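Open the model in your viewer and keep the selection box at hand. The stops below go one by one.

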Amino acid sequence: MTNPPVLIWLRRDFRLSDHPALHAACATGSPVIPVFIHDDPVDALGAAPKWRLGLALENFQHRLEGLGSRLILRRGAALDQLRELVAETGATSVYWSRLYDPASVARDTEVKAALKAQGVMAKSFGGHLMFEPWTVETKTGSFYKVYTPFWNAVKNRAVDAPLTAPSKLPAPDSWPASEDLAAWHMDVAMNRGAAVVRPHVRLGEAAAQARLARFIDESVATYDCTRDVPAVDGTSGLSENLSLGEISAHQCWHAGVRAREEGKRGAETFLKELVWREFAYHLMHHTPRILTDNWKPDWDGFPWNTDDTAAAVVAWKQGRTGIAFVDAAMRELYVTGRMHNRGRMIVASYLTKHLLTHWKIGQAWFEQCLIDWDPASNAMGWQWSAGSGPDATPYFRVFNPVTQLDKFDGNRAYANRWIAEGKTDPSPDALSYFDAIPRSWKLSADDKYPAPVVAADEGRKVALDAYENKGF
DNA sequence: ACGCCCTTGGG
DNA sequence: CCAAGGGCG
């Protein structure tokens, strides 16, 4: 007679190493039953994040099977499914890694209370973040609203050393029923050429670890400079893995600290970027309205365009604004599911300032398109760009996408990589964009490259006028 | 209370 | 050099 099993409820933590909840489950010595539940929040994911989650599930399922374990898939309300699994397996404990968005917090709070009320030990663990959002406080006991003081408050903290992966997951005497992943059709909303996007995905824990090792080895020393150049593969590129927990922030942090100790100049900048992710979660925890409303309420009256179907907005989404940096970045997004950080700033500045369009339209499009979509980082980034967010860029700071191209893509390597029109010998990536987009867009590589919907210098004036009329 | 400071820029 | 305002200690 073995001990009653422990259910480990997985959500965005598809890794074996440095997984506190899994580690604790294994440490009980009891059989471990890994579970994923397709509930309404999963259903509500954007097309690309949902598709990418499906890939992560498939990958992690195989990973677990390699250890003689399984990933049990269930569909329905989380509490109902966990209760059924408890009844079916005789499990007396349910463990999970905490999430921090308001919907998850509400669900998990209810689940924990209900399970405890029926005598099940429900326990949540850290692991998604290095610093729990409520543990970082200013001297006066409030939360941080500016990044640099936040950085100063956490930069010298001890970060837990990463936990090793369990060598085996004890299987239960019998497995509960599981649904079939393929039947969930997590690619169904991916009505662009998923086959075009797929080669750009870096799937799973092993790929993430390899990527981190290579980044530390080859790129982090010059990261402070090369990370700004979109044609160079100079960033860690780990956001999609961090988003789904295929690697932990702790693991990245410790690798970065070692690189800094070895005197690699860019390592400090990399550590700061990891802390930006923490800062986004800190802000979301303390002000969850950052996801849905202007963080600074005095922006509520600002005359944003909110028409998602406006011609300029459609041109922005389709990478047809006639501004090379903007279009290259939007096409990179569509084809790879990612966008270089500098591109993100430029397309966001162009949408919210040159096109005076509400940041929520950009936020929603990114949520559909990004395989590294993260609720906290996406919301913070958009509000930072628009000016409505905490520690935001000042209103008079309008990125000039033409100047930016000269500065960061002087030889046009990035623009040429992603834009086909007017080229005698377009790059494979530029052509692949036309394989990825829906036919209904009626675009072809043979089209004429469009004239700017709003020119760079004209847009600056548009933005400044609007901000001045707002009554600053 | 008060002074210093504020990721990524433009002209 | 510009520039608003507020966060932070």
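In which loop is R412 found? Select R412 and its neighbours: this residue belongs to the loop between α18 (401-408) and α19 (413-418). A reminder before you go on: the model is predicted.

**Stop 1: two positive phi angles**

Stay on R412 and read its backbone torsions. Phi is near 65 degrees, a positive value in a residue other than glycine. For background, most residues other than glycine have a negative phi. Is R412 buried, partly exposed or exposed? R412 has a relative accessible area of 29%, so it counts as partly exposed.

Now jump to D18. Its phi is near 45 degrees, again positive in a residue other than glycine. D18 sits in the loop between β1 and α1. Buried means under 20% relative accessible area. D18 comes out at 4% and therefore counts as buried.

**Stop 2: the sheet**

Select the strands β1 to β5 and show them as a cartoon. What is the order of the five strands in the sheet? Reading across, the order is β3-β2-β1-β4-β5, in an open sheet with parallel pairing. The edges are β3 (72-75) and β5 (121-125), each of which pairs on one side only. From one strand to the next, the twist averages 25 degrees. In general, strands of a sheet pair through backbone hydrogen bonds.

**Stop 3: strand β1**

Select residues 6-10, which form β1. Five of its five residues are buried, so the strand is mostly covered. Show the side chains. V6, I8 and L10 point one way, while L7 and W9 point the other way. Both groups are buried.

Add residues 32-38, strand β2. How many bridges join β1 to β2? Five bridges join them, and the two strands run parallel. Pick L10 and look across: its bridge partner in β2 is F36. Next, trace the chain from β1 to β2. The path goes through helix α1 (residues 20-27), and this β-α-β crossover is right-handed.

**Stop 4: out to β3**

Keep F36 selected and look towards β3. The bridge partner of F36 there is L73. Four bridges join β2 to β3, and these strands also run parallel.

**Stop 5: strand β4 and on to β5**

Go back to β1 and look towards β4. Strand β4 covers residues 93-97 and is joined to β1 by four bridges, in parallel. Select V6: opposite it in β4 stands S93.

Which residues of β4 point which way? S93, Y95 and S97 point one way, and V94 and W96 the other. Five of the five residues in β4 are buried, and the strand is mostly covered.

From S93, look across to β5, where M121 stands opposite. Strands β4 and β5 pair in the parallel sense over five bridges. Add helix α5 (residues 102-117): together, β4, α5 and β5 make a right-handed β-α-β unit.

**Stop 6: helix α8**

Select residues 204-219, helix α8. This helix has 16 residues and reaches 21 Å from its first C-alpha to its last. That is close to the 22 Å expected at 1.5 Å a residue.

Colour the buried residues: G204, E205, A208, R211, L212, F215, I216 and S219. Why do they lie on the same side of α8? They cover an arc of only 135 degrees around the axis, which puts them on the same side of the helix. In an α-helix, residues three or four places apart point the same way, because there are 3.6 residues a turn. Turn the helix over. On the other side of α8, A206, D217 and E218 are exposed.

**Stop 7: cysteines**

Finish with C225 and C252. Is C252 buried or exposed? C252 counts as buried because its relative accessibility is 0%. C225 has a relative accessibility of 46% and therefore counts as partly exposed. How many disulfides does the model have? With a cut-off of 2.5 Å between cysteine sulfur atoms, the count comes to zero disulfides.

Key: Residues are numbered from 1 along each chain as its sequence is written. Chains are lettered from A and ligands numbered from 1 in the order in which they are written. This is a predicted model: local features need pLDDT of at least 70, side-chain atom pairs count only at pLDDT 80 or more; totals for chains, interfaces and linings use all residues. Side-chain values use heavy atoms; hydrogens and water are left out. Buried means under 20% relative accessible area, exposed over 50%, partly exposed in between (1.4 Å probe, protein chains only). Two strands pair if DSSP finds at least two bridges between them. A crossover is right-handed if, with the strands pointing away from the viewer, the path from the first strand over the helix to the second runs clockwise. Axes are lines fitted to C-alpha atoms, for helices over the stretch in contact, and angles run from 0 to 180 degrees between N-to-C directions. The expected span of a helix is 1.5 Å times one less than its number of residues. The arc is that of the directions from the helix axis to the C-beta atoms.
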